[in-house]
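Me: I should like to learn how to read the features of a protein structure. Could you take me through one, feature by feature?

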Amino acid sequence: MMDYPMGVSALVTLVVIALWATSRLPEYLVALLFFAAVMVLQLAPTAVVFSGFASSAFWLVLSGFVLGTAIRSTGLADRLANRILPLLAGSWPRLVGGVVAISYALAFVMPSNMGRITLLMPIIMALAERAGLAEGSRGRYGLALAVGFGTFQLSASILPANVPNLVMSGAAESAYGIHFTYLAYLLLHAPILGLAKGALLTLCICWLFRAKPQPVEKTTEQSPLSVAEWRLIALLLITVLLWITDSWHGIAPAWVGLTAACVCLLPRIGFLTGEQFAAGANIRTCLYVAGILGLTALVSHSGLGDWLGSALLNVIPQTQDRPFTAFGMVIGITTLLNFVVTANGVPALFTPLAQVLSEGSGLPLTTVLMTQVIGYATPLLPYQASPIVVAMGMGKVPPREGLKLCLLLALLTFGLLVPLDYLWFGLLGWFG
C-alpha cells in the first residue's frame with residue numbers, strides 16, 4: 001500500500017506528466033509549478049527536488065545553447081550548410097534521410113547525445129534556411145525533429161552512445177556480473193533499432209512534415225574563413241576530442257561543454273556578447289530539462305519507483321511457453337516505466353527486476369536485459385527523452401508536433417519493428 005507522501009507524490013507526478021503530454025500549459029511553467037508544488041507540500045528535500053540543476057545534463061544543455069549560438073553568430077553554421085546542402089537538397093526525402101544519417105553516424109564517434117545536438121542543430125537550422133524552409137515552417141520542424149529523434153532513438157543501438165545504455169550496462173555488470181561487448185551489442189541492435197528505424201523515421205517525417213526544399217546549386221566561390229571562424233573551429237575540435245576521449249581523461253562531457261561555453265562568452269577572446277547569450281540561451285528548455293530530472297528524482301526518493309516495480313511483479317503473467325508474448329511483455333513494462341522515470345532512469349529501475357522477469361517469462365536473463373533497450377529507446381511522449389526536448393527547443397518546434405511524431409513512430413515500431421526484432425533475436429540465438 002502507498003503511504004500518504006507516496007500517494008501525493010504519485011498524484012503530482014501524474015498531473016505533471018498529463019500537463020506535459022497535453023501541452024495545456026507551457027512546458028517551462030509546468031516545471032516551475034512542479035518545483036513549487038513539491039516544496040510547498042514538503043514531499044522531498046531541496047537537494048532532491050532541484051537535483052536537475054546540479055545534474056551534468058542540465059549544464060550540457062545550457063552549454064549546448066551557447067556553443068550553438070556561437071556557431072551561428074560567426075557564420076560557421078551557414079558555411080557548413082552551404083557545403084552540405086547541395087548534396088542533400090535534390091528532394092525532401094533525400095534531405096530528411098541525409099540529416100537522419102548524419103545524426104546516426106555522429107553517434108559512432110561522439111558519446112554524448114547533447115553534444116551531438118549542440119553541434120548539429122545550428123548547422124541543420126542554417127541548412128533549412130538556405131533551402132527556403134523558413135522559421136515556423138513544417139519543413140523546418142521536420143529537420144529539427146530528424147536531429148532530435150535520430151540522435152536519441154538511433155543511438156540506442158550503439159552501446160556507449162547514450163546515457164540509458166551506459167546505465168543499463170553498468171547496472172547489469174554490478175548486479176549480475178554481465179558484461180556486454182561493443183560488437184555483440186551493435187550486431188544485436190543496429191540492424192533493426194538503427195538502420196530499419198532510421199528508414200522508418202525518415203518516412204514518418206516526410207509524411208508528417210511535407211515540404212519542398214529549394215534547389216541549390218553547388219557554389220565553388222566562397223569567402224575565406226574569418227579569424228573568428230578559425231578560432232571557433234579550433235575550440236570545437238578540442239571540445240569534440242575531449243568528448244570522445246572522456247573515458248580516458250575522466251572529465252565528464254558536461255564540464256568540457258561548460259568550459260567551452262565559458263570561452264565563447266569571455267570578452268575579446270570569445271564570440272558572444274551578453275545580448276547574444278540572452279537571446280541564444282533557451283532558458284525555457286533548460287527549466288524543462290531540470291523539471292524532468294527533478295521529477296525522476298522525486299519518483300525515486302518517494303519510493304514510487306520501487307512500489308511500481310513490485311506492483312508489476314505481482315501482475316505479470318507466466319509466459320514460459322510463449323516467448324513472443326514474454327518478449328512483448330518486457331517491452332511493455334519498459335514502456336510503462338518510461339512514463340514515470342523517463343529514459344535515463346528506466347534501466348536503473350528495470351535492471352534489478354530483470355532476474356525475476358527472466359524467471360517469470362522463461363527468457364534468458366541477458367535477453368531480458370537487452371529487450372529493455374527497445375522500450376526505453378521508443379518514447380511515447382517527448383518529455384521522456386531530454387535530447388528530443390532540447391532539439392525541439394533549439395528548433396522552436398511546438399510540443400504537439402513532437403508528440404505526433406513520437407506517437408506515430410512508436411506505433412510503427414511496436415507494430416513492425418518489434419516482430420522483426422523478435423525474429424532477429426531468435427536468429428542470433430538470444431532465446432537460448
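The dialogue below considers salt bridges, cores, cysteines, surface features and backbone angles in turn.

Reply: Please keep in mind throughout that this is a predicted model.

Me: Let us begin with charged side chains. How many salt bridges does the structure have?

Reply: A salt bridge is recognised when a side-chain nitrogen of Lys or Arg lies within 4 Å of a carboxyl oxygen of Asp or Glu. By this rule, the structure has six salt bridges. One of them joins glutamate 135 to lysine 396, with 3.3 Å between the closest N and O atoms.

Me: Where do glutamate 135 and lysine 396 lie, and what does the pair tie together?

Reply: Glutamate 135 is in the loop between α8 and α9 (138–155), while lysine 396 is in the loop between α21 and α22 (399–427), so the bridge ties together parts that are 261 residues apart in sequence. Both glutamate 135 and lysine 396 are exposed.

Me: Which residue meets glutamate 401 in a salt bridge at 3.1 Å?

Reply: That residue is arginine 138, the distance being taken from N to O. Because glutamate 401 belongs to helix α22 and arginine 138 to helix α9, this pair ties together parts that are 263 residues apart in sequence. Glutamate 401 also forms a salt bridge with arginine 400, where the closest N and O atoms are 3.9 Å apart. The bridges link Arg138, Arg400, Glu401 and Lys404 in a network.

Me: Within that network, is glutamate 401 buried or exposed?

Reply: The idea is to compare the relative accessible area with two cut-offs: under 20% is buried, and over 50% is exposed. Glutamate 401 has a value of 4%, so it is buried. Arginine 138, at 32%, is partly exposed, whereas arginine 400, at 53%, is exposed.

Me: I turn now to the interior. How many residues make up the largest nonpolar core?

Reply: A core is traced by joining buried nonpolar residues through their side-chain atoms. The largest one here has 111 residues, and Trp20 and Leu143 have the most contacts inside it. Helix α8 (residues 113–130) gives the most to this core, with 10 residues. Apart from it lies another core, of 42 residues, including Leu159, Met168, Met329 and Leu353.

Me: Which residues does tryptophan 20 touch?

Reply: When residues up to four places away in sequence are not counted, tryptophan 20 touches Glu27, Val30, Ala31, Tyr288, Gly291, Ile292, Leu295 and Tyr383.

Me: What may be said of glutamine 384, and where is it found?

Reply: Glutamine 384 is in the loop between α20 (365–376) and α21 (386–394). Its relative accessible area is 2%, so glutamine 384 is buried. Neighbours within four places in sequence aside, glutamine 384 is in contact with Asn338, Phe339, Thr342, Ala343 and Pro379.

Me: How many disulfides does a search of the whole structure find?

Reply: The test is whether two cysteine sulfur atoms lie within 2.5 Å of each other. The search finds zero disulfides.

Me: Why does cysteine 262 not form a bond with the closest cysteine sulfur?

Reply: The closest cysteine sulfur belongs to cysteine 264 and is 9.1 Å from that of cysteine 262, which is too far for a bond. For cysteine 286, the closest cysteine sulfur is in cysteine 262, 14 Å away, and this is also too far. Cysteine 262 is partly exposed at 43% relative accessibility, while cysteine 286 is buried at 2%.

Me: On the surface, which residues make a nonpolar patch of about 290 Å²?

Reply: Leu25, Leu29, Leu32 and Leu33 make this patch. Leucine 29 belongs to helix α2 (residues 27–40). With a relative accessible area of 31%, leucine 29 is partly exposed.

Me: Finally, how should I read the backbone angle phi?

Reply: Most residues other than glycine have a negative phi. Glutamine 42 has a positive value, with phi near 55°. Glutamine 42 lies in the loop between α2 and α3 (46–49), and is exposed at 69% relative accessibility.

Me: What is the phi of arginine 268, and where does this residue lie?

Reply: Arginine 268, although not a glycine, has a positive phi of about 70°. Arginine 268 lies in the loop between α14 (253–265) and α15 (274–280). Its relative accessible area is 86%, so arginine 268 is exposed.

Conventions
Residues numbered from 1 in each chain as written. Predicted model: local features only at pLDDT ≥ 70, side-chain atom pairs only at ≥ 80, totals over all residues. Heavy atoms only, no water. Patch = residues over 30% accessible without salt bridge, like charges linked within 9 Å, V, L, I, M, F, W, Y side chains within 5 Å. Areas by Shrake-Rupley, 256 points an atom, 1.4 Å probe, with all protein chains shown as cover. Helix = DSSP H or I, 4+ residues; strand = E, 2+ residues; numbered from the N terminus. Buried < 20%, exposed > 50% of the residue type's maximum accessible area, 1.4 Å probe, protein only. Core = buried A, V, L, I, M, F, W, Y, C linked by side-chain atoms within 4.5 Å. Contact = heavy atoms within 4.5 Å.
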